[in-house]
Structure formats: structure tokens, C-alpha cells
Amino acid sequence: MGNKYDERFTLRITDVAHGGLSVGRFEDRVVFVRGAIPGELVSVELTQARAKFLRGVVVDVIEPSEKRVEHPWPAGAAGISGAADFGHIDLAWQRELKTQVLRGQIRRIGGEPLAEHLANCDVRVRPIDDGDGWHWRTRLDLVKMSTGFGMYHERSHDLVPIDAMPLGVWDFDDLDLFGARWDSAIKTGDKVRVVSPSTGENVLCNGNAVFCAPGVRTAATVEQIVGDDATMHHYDVHANGFWQMHLRAPKVLLSSVLEALDVQESMKIVDLFAGAGLFSVPIAKRVGESGRVLAVEGSKTACVDAAGNLEGMDWAQVSNRRIDSAFISRCVADADCVIADPPRAGLGVESARVLANSPAQRIALISCDPASMARDAAAMVAAGRHVKSIEGFDIFPNTHHFEVVTIFE
């Protein structure tokens with residue numbers, strides 16, 4: 001970094017960008033800022049200087065936005081751990097900013113043809129409950145400190161001590177994570193995952209060991225229940241395996257996908273990146289013995305979970321393998337509907353094109369990154385698919401993340 005940028009500087013925030021960033025300009029460079037809100041005048045501390053842009057974090061708000069609120073958890077703020085990097089923004093306005101990001105990525109990454117294709121769609125990020133955006137997270141990733149636990153400081157390997165976790169569900173209080181209770185049970189520096197399942201004990205995973213209290217081992221799997229009194233689906237999932245973090249997200253995503261795909265008896269369904277079988281289990285029940293379900297997943301642990309959750313439904317098969325365009329071309333050749341729930345990197349252009357050219361009547365794409373979603377959707381539309389619907393869900397309130405479900409015909 002040159003001396004010209006070593007000091008703090010003041011700038012007006014003019015826009016919001018993907019990744020929890022706000023945008024301003026300092027002299028001839030674009031500046032991406034953490035912890036700001038569009039419209040604010042802020043003092044920024046430089047964190048990175050590149051030839052065409054700068055990065056920084058807010059250290060003082062000179063003219064605050066009317067949408068700014070006091071962050072209830074300073075350790076989670078942008079520029080610290082970043083675990084609640086939107087916690088300084090009014091909850092309704094968070095969703096408005098996320099909607100702007102979603103629309104912006106559709107236009108910038110997807111391009112004008114995709115933006116025009118979606119012109120008649122109500123593209124926005126919606127709440128999934130009427131809560132205040134706190135106490136929704138059922139999985140926490142922490143690092144053991146000499147006393148208590150911490151999280152990594154943004155863009156650093158330094159640890160931030162955590163004495164509370166207001167994003168986490170209230171049930172985590174039972175584990176007493178933020179005192180000295182676990183000090184003699186977990187080695188300093190160990191990474192742990194803490195899980196609050198639908199039923200049963202809250203647990204802490206340290207490697208392959210699962211504890212319900214310091215030194216007290218318990219079962220390696222937890223039970224997750226999705227649905228309501230009319231339709232209930234039960235899943236056994238490895239405690240350190242993948243499951244949606246928001247306690248209401250599985251039901252919301254499942255309802256959205258099932259309603260849009262209109263799965264009927266005897267259909268052939270392919271579930272790509274199937275995880276523990278969130279979609280495969282209810283779909284297998286719907287298609288029945290005369291139908292067929294192929295659940296494909298790269299994680300061996302998730303495949304074990306999915307196979308167990310589909311036990312007794314012989315028409316549902318689980319395949320553990322890498323998912324690429326060549327495999328997609330083979331496995332969807334006779335599918336009526338396809339579900340794809342890829343990781344943050346998305347499908348990729350070639351896989352999206354292959355999927356779009358399949359004979360599937362309908363395709364559901366579940367995306368946790370709006371940029372990869374826009375890229376993949378653009379490729380599928382260019383290959384001849386039509387977007388039936390696109391819905392953004394705020395399943396990560398008080399953070400910049402959200403989920404998008406896109407249905408193609």
C-alpha cells in the first residue's frame with residue numbers, strides 16, 4: 001500500500017454490492033466498504049489497496065443513515081468476525097438491500113437478456129418468518145480458546161473471543177459455551193461445530209466425537225423434523241454433516257420446491273447435490289413405487305445419511321460421486337423433473353447448459369450465491385429454458401447472505 005492510502009479517509013457511500021459490501025469512491029478509485037449503508041458519510045480505515053479498487057472498514061459514521069440501528073452484538077459486526085455483518089441495518093432495509101443485490105447480479109452477471117427475461121417476475125428477497133432476525137441459527141462453527149470459544153476475525157487467522165451468540169437459537173444456552181465449562185474437555189485451537197437438532201440434546205462435535213456435555217459422548221447423528229402436523233418428514237443426519245442453518249429454512253425451501261415442481265405419482269426425479277435427502281425423502285413418498293428417485297451427492301457422509309433416510313423406499317437410489325456436466329447428461333436423460341442445490345460455486349456454465357437441454361419438464365435451482373445463480377440461470381435461458389418463477393428467501397437475517405429458488409420450464 002502506498003503512503004497516500006495509509007491514513008483513514010472519508011467518503012460518501014453510494015451503492016450496495018454483493019458480498020456484504022457498500023460502494024463509494026475515493027479520488028479515482030472505487031472503494032468497497034464493510035459496515036456501511038448506502039447514503040452514509042463515513043470514515044474508512046483502509047484494509048487493502050489494489051490497482052483499480054480499495055477495500056476498507058467503517059471506523060466512524062459521520063452522517064448515519066436513518067436505517068442504521070445499534071448493533072446488538074459488536075463481536076459479530078462487519079470488520080470484526082462478520083458473523084452478523086448486517087446487524088447494524090434495520091431488518092426490513094436489509095431485505096431491500098439484498099433485493100437490490102439480487103437484481104444487480106441478475107443484470108451484471110446474467111446480462112441484459114436474463115434481466116429482460118425476468119422483467120415480469122417479482123424479483124425480491126422475502127422474510128421467512130415474522131421474527132426480529134435473531135436466534136435462528138441451529139449450527140455454530142467455533143474455535144476453542146484457552147477459555148471459552150472464539151471466531152476468526154474477518155480476513156484473518158486471529159481469533160475474536162465470543163461471549164454471546166445472538167444469532168444462535170436459545171437452546172444453545174443449555175451447553176454453556178461461553179464460560180469455562182468446556183476448557184478441560186476441548187483442546188485450545190480445536191475447531192468445533194455446535195448443533196441444536198429438532199429433537200433431543202444439543203451437541204458439540206469435535207472431529208468425529210460428539211458430546212452432549214463436557215466429557216459425555218453421545219450419538220453421532222441427530223434428528224431433524226421438517227413439516228407440520230399434516231405432513232411430517234424425519235431425517236437422521238450426522239451432527240457434523242450438512243443441514244440448513246435456519247431452523248425454518250428446510251420447511252420453507254421444501255414447500256417452495258415441491259409446490260413449483262408439482263411432483264406426481266410415477267414420476268422420475270433426479271436430485272443433484274442431494275445432501276441428507278431434504279428433497280429426496282418427500283419426493284420419494286410422492287412418486288411411490290411406480291416412480292423413481294435418484295439422489296446424487298459428493299459427500300460420503302451425506303450419502304450415508306440420505307441412504308438411511310430413504311431406507312424402505314427401494315425405488316429411491318443414492319449415488320456418491322462427483323457431479324459434472326458429463327454425469328448430469330447421463331443421469332437426467334429420462335427425468336421428468338430435476339432439483340439442483342449446488343454449493344456456493346453453482347453449477348457452472350457447461351453443467352447448466354447440459355441440464356437446460358435435458359428432457360426434464362421442470363428444473364428447480366436452489367442457489368446460496370446470487371452471482372453463480374445469475375450466471376447459471378443466464379446459461380439455462382440462453383439454452384432455451386423459461387423461468388417460471390424466482391424467489392429470494394432471507395434465511396440468513398442480519399447477514400448479507402440469502403437463498404434463491406429458481407424454477408425453469
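I count two residues as in contact when they have heavy atoms within 4.5 Å. The model I am reading is predicted.

**Entry 1: Gln244**

I looked up Gln244 and found it in the loop between strand S15 and helix H3 (249-261). Is Gln244 buried or exposed? I note a relative accessible area of 8%, so Gln244 is buried. Leaving out residues up to four places away in sequence, I list Thr138, Arg139, Ala249, Pro250, Leu253, Ile395 and Glu403 as touching Gln244.

**Entry 2: helix H5**

I went next to helix H5, residues 300-309. Its buried residues are Ala302, Cys303, Asp305, Ala306 and Asn309. Looking down the axis of H5, I see these buried residues fall within an arc of 160°, so they line one face of the helix. I remind myself that an α-helix has 3.6 residues a turn, so residues three or four places apart point the same way. On the other side of H5, I find Lys300 and Val304 exposed. What do the buried residues of H5 pack against? I wrote down strand S15 (232-238), helix H4 (280-287), strand S17 (292-297) and strand S18 (316-320).

**Entry 3: H1 and H8**

I then checked how helix H1 (residues 91-110) packs with helix H8 (residues 370-382): the angle is about 45° and the axes are 8 Å apart. That angle makes H1 oblique to H8. I record the crossing of H1 past H8 as right-handed. From H1, the contact uses Val101, Leu102, Gln105, Ile106, Ile109 and Gly110. From H8, I list Pro370, Ala371, Met373, Ala374, Arg375 and Ala378. Sorted by type, the residues of this contact are 9 nonpolar, 2 polar and 1 charged.

Notes:
Residues numbered from 1 in each chain as written. Predicted model: local features only at pLDDT ≥ 70, side-chain atom pairs only at ≥ 80, totals over all residues. Heavy atoms only, no water. Axes fitted to C-alpha atoms, helices over the stretch in contact; angles between N-to-C directions. Helix = DSSP H or I, 4+ residues; strand = E, 2+ residues; numbered from the N terminus. Parallel < 35°, antiparallel > 145°, perpendicular 65-115°, else oblique. Left-handed = near helix turned anticlockwise from the far one by under 90°. Nonpolar A, V, L, I, M, F, W, Y, C, P; charged D, E, K, R; others polar. Buried < 20%, exposed > 50% of the residue type's maximum accessible area, 1.4 Å probe, protein only. Arc of directions from axis to C-beta.
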